[in-house]
Amino acid sequence: ERVISQLPSKLAEDQKARGSDQSVTYLLNTLCVKHKHYWSVGAMSYPNFMNGCRSWSNPDVRLMAEVFESLGIDFRVMVVVRDALDVLLSTTVHRHFGRFEPTGHTYASIVNSAMVDSQLARLDPTFFKCLEYEKFPAVPEGMGSFLNVDHSDWTFADTLPKFYHNVARAKGAITQHDKALNKLNNLPNRKKSYEDLNQALKRLRKICGLDQ
């Protein structure tokens, strides 16, 4: 609400400062507004923020699309889809956000209900484009123009590889993902948690057109 209430005036200030009618793109998850203290919308991940009810703290892109478009502001969503096991390793092993088993079931529920059923399935497909985290730094054709960031001398697709490089894959190393995947057969509770999330992410990939 704070971002939405202050964004029109911020846009007007920026437009005046630039002194032109050239359009500008804001990355919402980097935007901060002043409300007593500086306040941000977080990483815009699912879940978002680090509070006591974290699994309920999810952005609503369908609602945001409706609100921003009503303000005359084009709203676009870049959905980054990641491998189920990598998600669980990143959250529960690397950053210790809870335990593996319940986290997989919780995230599966978030993907199914919050992301797919309540949001992307009810959002005009022209509002979002999807990409696979594992394929970084490659991005789908037209992503830069979709986000309104490409220019004659700068493109999103050409610039991203300069900042992202997967060393483990480049060296052909056996990753933690591969080792964890091999262990799942001996850990039935973990395997079920992984499978639940994997099935949910397959639904997400399907609505994103990434299942082909």
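**Close-up views of a predicted model**

**Figure 1. His 96 in the loop between α3 and α4.** In this predicted model, His 96 belongs to the loop that runs between α3 and α4. The backbone at His 96 has a phi near 60°, a positive value in a residue that is not glycine. Most residues other than glycine have a negative phi. His 96 has a relative accessible area of 62%, and it is therefore classed as exposed, the cut-off being over 50%.

**Figure 2. Helix α3 and its enclosure.** How many of the eleven residues of α3 are buried? Nine of them are, so the helix is largely enclosed by the rest of the structure. The buried residues of α3 are Ala 84, Leu 85, Asp 86, Val 87, Leu 88, Leu 89, Ser 90, Thr 91 and Thr 92. At the N-terminal end, α3 is capped by Asp 83, a side-chain oxygen of which lies 3.0 Å from the backbone nitrogen of Leu 85. Beyond the helix, α3 is followed by His 96, the residue with the positive phi near 60°.

**Figure 3. The packing of α3 against α9.** The axes of α3 and α9 are 8 Å apart, and the two helices pack at an angle of about 125°. An angle of about 125° falls between the limits for roughly perpendicular (65 to 115) and roughly antiparallel (over 145), and α3 and α9 are therefore oblique to each other. The crossing in which α3 passes α9 is right-handed. On the α3 side the residues that meet α9 are Ala 84, Leu 85, Val 87 and Leu 88, while α9 brings Tyr 194, Leu 197, Asn 198 and Leu 201 to the meeting.

**Figure 4. The packing of α3 against α4.** With α4, too, α3 makes an angle of about 125°, and here the axes are 10 Å apart. The relation between α3 and α4 is therefore likewise oblique, and their crossing is right-handed. From α3, the residues Leu 85, Val 87, Leu 88, Thr 91 and Thr 92 meet Phe 100, Thr 103, Gly 104 and Tyr 107 of α4.

**Figure 5. The largest nonpolar core, with Leu 197.** Which residues have the most contacts inside the largest nonpolar core? They are Phe 75, Val 79, Val 111, Leu 197 and Leu 204, in a core of 38 residues. At least two residues of this core come from each of α2 (61-70), β3 (77-81), α3 (84-94), α4 (100-117), β4 (128-132) and α9 (188-208). The element that gives the most is α4, with eight residues. Once neighbours within four places in sequence are left aside, Leu 197 is in contact with Ala 84, Val 87, Leu 88, Gly 104, Tyr 107, Ala 108 and Val 111. In soluble globular proteins, nonpolar side chains tend to be buried together. Another core lies apart from this one and has nine residues, including Phe 136, Met 143, Phe 146 and Phe 156.

**Figure 6. Ala 65 in helix α2.** Is Ala 65, which sits in helix α2, buried or exposed? Its relative accessible area is 3%, which is under the cut-off of 20%, so Ala 65 counts as buried. If its neighbours within four places in sequence are left aside, the residues in contact with Ala 65 are Phe 75, Leu 123 and Phe 127. For the pair Ala 65 and Leu 123, which are 58 residues apart along the chain, the C-alpha atoms are separated by 8.2 Å.

**Figure 7. The cis peptide bond at Pro 137.** Phe 136 and Pro 137 are joined by a cis peptide bond, with omega at about 5°. Most peptide bonds are trans. Pro 137 is placed in the loop between β4 and α5 (143-146). The preceding residue of this bond, Phe 136, is among the nine residues of the core that lies apart from the largest one.

**Figure 8. Asn 148 and Thr 159.** The loop between α5 and α6 contains Asn 148, a residue other than glycine whose phi is nevertheless positive, at about 65°. With a relative accessibility of 38%, Asn 148 is counted as partly exposed. Thr 159, in helix α6 (residues 156-159), is by contrast buried, at a relative accessible area of 11%. The side chain of Thr 159 is joined to that of Trp 154 by a polar contact of 3.2 Å.

Key: Residues are numbered from 1 along each chain as its sequence is written. This is a predicted model: local features need pLDDT of at least 70, side-chain atom pairs count only at pLDDT 80 or more; totals for chains, interfaces and linings use all residues. Side-chain values use heavy atoms; hydrogens and water are left out. A nonpolar core is a set of buried Ala, Val, Leu, Ile, Met, Phe, Trp, Tyr and Cys residues joined through side-chain atoms within 4.5 Å. Buried means under 20% relative accessible area, exposed over 50%, partly exposed in between (1.4 Å probe, protein chains only). Helices (H or I, at least four residues) and strands (E, at least two) are DSSP runs, numbered from the N terminus. Contact means heavy atoms within 4.5 Å. A polar contact is a pair of N or O atoms within 3.5 Å; within protein, one must be able to donate a hydrogen and the other to accept it, and residues adjacent in sequence count only if both atoms are side-chain atoms. Axes are lines fitted to C-alpha atoms, for helices over the stretch in contact, and angles run from 0 to 180 degrees between N-to-C directions. Angles under 35 degrees count as roughly parallel, over 145 as roughly antiparallel, 65 to 115 as roughly perpendicular and the rest as oblique. A crossing is left-handed if the near helix is turned anticlockwise from the far one by less than a right angle, and right-handed if clockwise.
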